[in-house]
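Here are my notes on the model, point by point. Please read them with the structure open.

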Amino acid sequence: MGRELLTDFELMILLAILRAGDEAYGVVIAREIETTAGRTVLLGAAYAALERLERNGLVASSVGEPTALRGGRAKRFFRVTPRGLRSVKDTQRALIALWSGVPQLKGDER
Amino acid sequence: MSEPTVAVALLQVFCRDEALVGDILEEYEFRRSRAWLWRQVGVAVIFSLPYGMVRPARYAPKMQMPIGGLGFVTIVALITIVAPGAWWFVAAGAMGGIALAVALVMSTRHRVMHEPMVRGHVLLPFLVLLIGVGAASRSNAQTLEPAVAVDPVDGIVDAFNTHKVVMLPGGHGSKPAHNLLMKILR
């Protein structure tokens, strides 16, 4: 069976979850991607990707306590599973391999 | 800032994840931009469409039976007295509604028990609705009675009994029209 590579958005989400640690829920994940990658995140699209990742066993989620700020709605915290971490590493290796040896990218800082 | 009622209602109907609704509201409190909110709501609804609508939790107490029963009896009596022919329309509409409800329940059940629905199934309730509306309009058209020829003099005299204003042609230069007017007067 081949390696399981991720789309760019899935990779961003998994990296954002890893960066956020235990506090990784929808708002935090979206803010993390927006501040670090400069990409506007639509929460509905992020949740669709998160559900797909969870179905594939790359992330796991747990429901927290409801808060008044959210109209009594609970947060859903996400964490990356060992399989998800392996996928991130596989994608990283594949991207680095593609990156290397491209003459147009050499010596360009931006 | 108060909770945006319409946006929340839309999210609660279409989005199956309460956490997503909470996240959107939490971020809305921070950003306070209606344009941002509606973009988020629109995308959340679109992404939720393959899963069908969410069944609302039964938090509200059930309607009191005497009030509901009285309303039902009143509607039945009104239709029967005022427009008995409309029963076809009501029956066809009810059948369409039941078919739509069954389709929605089946799709929701499918979503809960198995994999998410494919997008094609979203069209099923709309198809059922269209069939219901088509059947209703066809039934309604069938209630119209066919035209029956009557004697012109009797018809015009009846018109005086059923209408406030009745117009008649002048008999100037027309022998048949003059004869008709004379026949009516007699």
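**Notes on the predicted model**

1. Start with helix α1 of chain A, residues 8–20. This is a predicted model, so a geometry check comes first: at 1.5 Å a residue, the 13 residues of α1(A) should span 18 Å, and the end C-alpha atoms are 18 Å apart, which agrees.

2. Which residues of α1(A) are buried? They are A:F9, A:E10, A:L11, A:I13, A:L14, A:A16, A:I17 and A:A20. Note that A:E10 is on that list. The partners of these buried residues are spread along chain A: they pack against α2 (26–37), α3 (43–55), β1 (59–67), β2 (73–80) and α4 (82–99).

3. Look at what follows the helix. A:G21 comes after α1(A), and its phi is positive, near 75°.

4. Now the chain as a whole. Chain A has four helices and two strands. Read from the N terminus, the order is α-α-α-β-β-α. Of its 110 residues, 41% count as buried. Take the contacts in chain A between residues at least 6 apart in sequence: 55% of them join residues at least 24 apart. The surface that chain A exposes is about 6,500 Å², with 54% of it supplied by carbon and sulfur atoms.

5. Aromatic pairs deserve a look. Over all chains, the structure holds two. In one, the ring centres of A:Y25 and A:F77 lie 5.7 Å apart; the planes are at 75°, so the pair is edge-to-face. Where do the two residues sit? A:Y25 is in the loop between α1 and α2 of chain A, and A:F77 is in strand β2 of chain A. They are 52 residues apart, so the pair links distant parts of the chain. Buried or exposed? Both A:Y25 and A:F77 are buried.

6. The other pair is A:Y47 with A:F78. Its centres are 6.1 Å apart and its planes are at 75°, again edge-to-face. Here too, distant parts of the chain are linked: A:Y47 belongs to helix α3 of chain A and A:F78 to strand β2 of chain A, with their positions 31 residues apart in sequence. A:Y47 and A:F78 are both buried.

7. Finally, a contact across chains. What sits over the ring of B:F30? The charged end of A:R31 does, 4.4 Å from the ring centre.

Technical notes. Residues are numbered from 1 along each chain as its sequence is written. Chains are lettered from A and ligands numbered from 1 in the order in which they are written. This is a predicted model: local features need pLDDT of at least 70, side-chain atom pairs count only at pLDDT 80 or more; totals for chains, interfaces and linings use all residues. Side-chain values use heavy atoms; hydrogens and water are left out. The expected span of a helix is 1.5 Å times one less than its number of residues. Buried means under 20% relative accessible area, exposed over 50%, partly exposed in between (1.4 Å probe, protein chains only). Contact means heavy atoms within 4.5 Å. Accessible areas come from the Shrake-Rupley method with a 1.4 Å probe; for residues, only the protein chains shown count as cover. Rings of Phe, Tyr and Trp (its six-membered ring) pair if their centres lie within 6.5 Å; planes under 30 degrees apart count as stacked, over 60 as edge-to-face and the rest as tilted. A charge sits over a ring if NZ of Lys or CZ of Arg is within 6 Å of the ring centre and within 35 degrees of the ring normal.
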